[in-house]
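Here is a friendly walk through one protein model and its bound ligand. Have the structure open as you read, and follow along from part to part.

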Amino acid sequence: MILIEGKRLRLRRANVTDLGYIMALQYAPENLKFIVPFSEEYHREIIDSDGLEKLDVIVEEIDTGQAVGYFMLREMDSPFIEFTHVIIGRKGLGYGREALNLLLEWTFKVRNYHRVWIDCKEYNSIALHLYESLGFVREGVLREIILTDGVWENLIVLGMLDREYFSH
Ligand SMILES: CC(C)(COP(=O)(O)OP(=O)(O)OC[C@H]1O[C@@H](n2cnc3c(N)ncnc32)[C@H](O)[C@@H]1OP(=O)(O)O)[C@@H](O)C(=O)NCCC(=O)NCCS
């Protein structure tokens with residue numbers, strides 16, 4: 001199932017053959033420090049589900065058909081969708097920005113959600129810069145909510161409303 005296509009990238013629903021890619025991407029050290037990984041079993045359940053509440057999404061290059069990233073969507077059966085596990089494997093090519101722009105277009109223009117939210121570790125300056133430059137607004141801080149290697153870390157919650165998307 002294709003969600004949406006842009007100039008260089010398309011977003012499609014993951015299938016069982018993508019499981020290896022999803023797990024490798026989550027556990028790559030440069031990504032793992034910024035996310036909380038889920039088990040392969042959990043992803044298999046999402047892939048096998050009806051896709052109404054959660055979705056694993058593959059970002060792929062249109063020209064090559066190669067996977068270059070992965071997103072997870074949650075709470076899709078509410079007016080408030082959550083983007084989580086925003087990971088781009090081929091970094092620094094503008095793919096993160098392009099893929100998130102596509103996902104926002106799908107969220108607000110295709111699916112008419114009222115709001116999207118995302119959380120991000122406080123020191124993840126690249127991701128925070130990207131989200132804010134796309135129009136996400138910082139809504140709050142969840143203080144010391146993740147324990148990583150014995151250190152309690154803060155999460156920043158960011159959100160965007162439909163009217164903010166359409167006026168951005
Ligand atoms: C965050 C992430 C998704 C961005 O994807 P990307 O394809 O590398 O980013 P882009 O090439 O689209 O660049 C987006 C912006 O970040 C900036 N950026 C990207 N890499 C950077 C780097 N290494 N240092 C500084 N800025 C950087 C770009 O300059 C660009 O900003 P600009 O348009 O204002 O110049 C990707 O780096 C990633 O997967 N990181 C690890 C996992 C993670 O942190 N996920 C987010 C969890 S909340």
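## Aromatic pairs

There are 7 aromatic pairs in the structure, which is a predicted model. One of them brings together Phe108 and Tyr165, with ring centres 5.0 Å apart and 25° between the planes. Planes under 30 degrees apart count as stacked, and the pair of Phe108 and Tyr165 is therefore classed that way.

Where do the two partners sit in the chain? Phe108 belongs to helix α4, while Tyr165 belongs to helix α6, which covers residues 162-167. With these positions 57 residues apart, the pair links distant parts of the chain.

## Around the ligand

Now turn to the ligand, which has 21 residues around it. The closest are Val86, Gly94, Gly96, Asn124 and His129. Sorted by class, the shell consists of 11 nonpolar, 6 polar and 4 charged residues.

Which parts of the fold supply at least two residues each to this shell? They are α2 (29-32), β5 (80-88), α4 (95-110), β6 (115-121) and α5 (125-134). Helix α5 gives the most, with 5 residues. Helix α4 thus appears twice in this tour: as a supplier of the ligand shell and as the home of Phe108.

## Polar contacts and burial

Backbone atoms take part in the contacts with the ligand. A backbone N or O atom of Val86 is 2.7 Å from a ligand nitrogen atom. For Gly94, a backbone N or O atom lies 2.7 Å from an oxygen atom of the ligand. Arg97 uses its side chain instead, placing a polar atom 2.8 Å from a ligand oxygen.

How much of the ligand does the protein bury? Taken alone, the ligand exposes 930 Å², and the protein buries 70% of that. The space the ligand takes is the largest pocket.

## Two backbone angles to check

Most residues other than glycine have a negative phi. Two residues here are worth a look on that account. Glu144, in strand β7 (residues 137-148), has a positive phi of about 45° although it is not a glycine.

The other is Asp149, also not a glycine, with a positive phi near 50°. Asp149 sits in the loop between β7 and β8 (151-161).

How values were computed:
Residues numbered from 1 in each chain as written. Predicted model: local features only at pLDDT ≥ 70, side-chain atom pairs only at ≥ 80, totals over all residues. Heavy atoms only, no water. Near = heavy atom within 4 Å. Polar contact = N/O pair within 3.5 Å; in protein donor to acceptor, adjacent residues only side chain to side chain. Areas by Shrake-Rupley, 256 points an atom, 1.4 Å probe, with all protein chains shown as cover. 1 Å grid on protein atoms, 1.4 Å probe; cavity = no way out; pocket = protein on both sides within 12 Å on 5 of 7 lines; lining within 4 Å. Sits in = over half its atoms within 2 Å of the grid points. Helix = DSSP H or I, 4+ residues; strand = E, 2+ residues; numbered from the N terminus. Nonpolar A, V, L, I, M, F, W, Y, C, P; charged D, E, K, R; others polar. Phe/Tyr/Trp six-rings, centres within 6.5 Å; stacked < 30°, edge-to-face > 60°.
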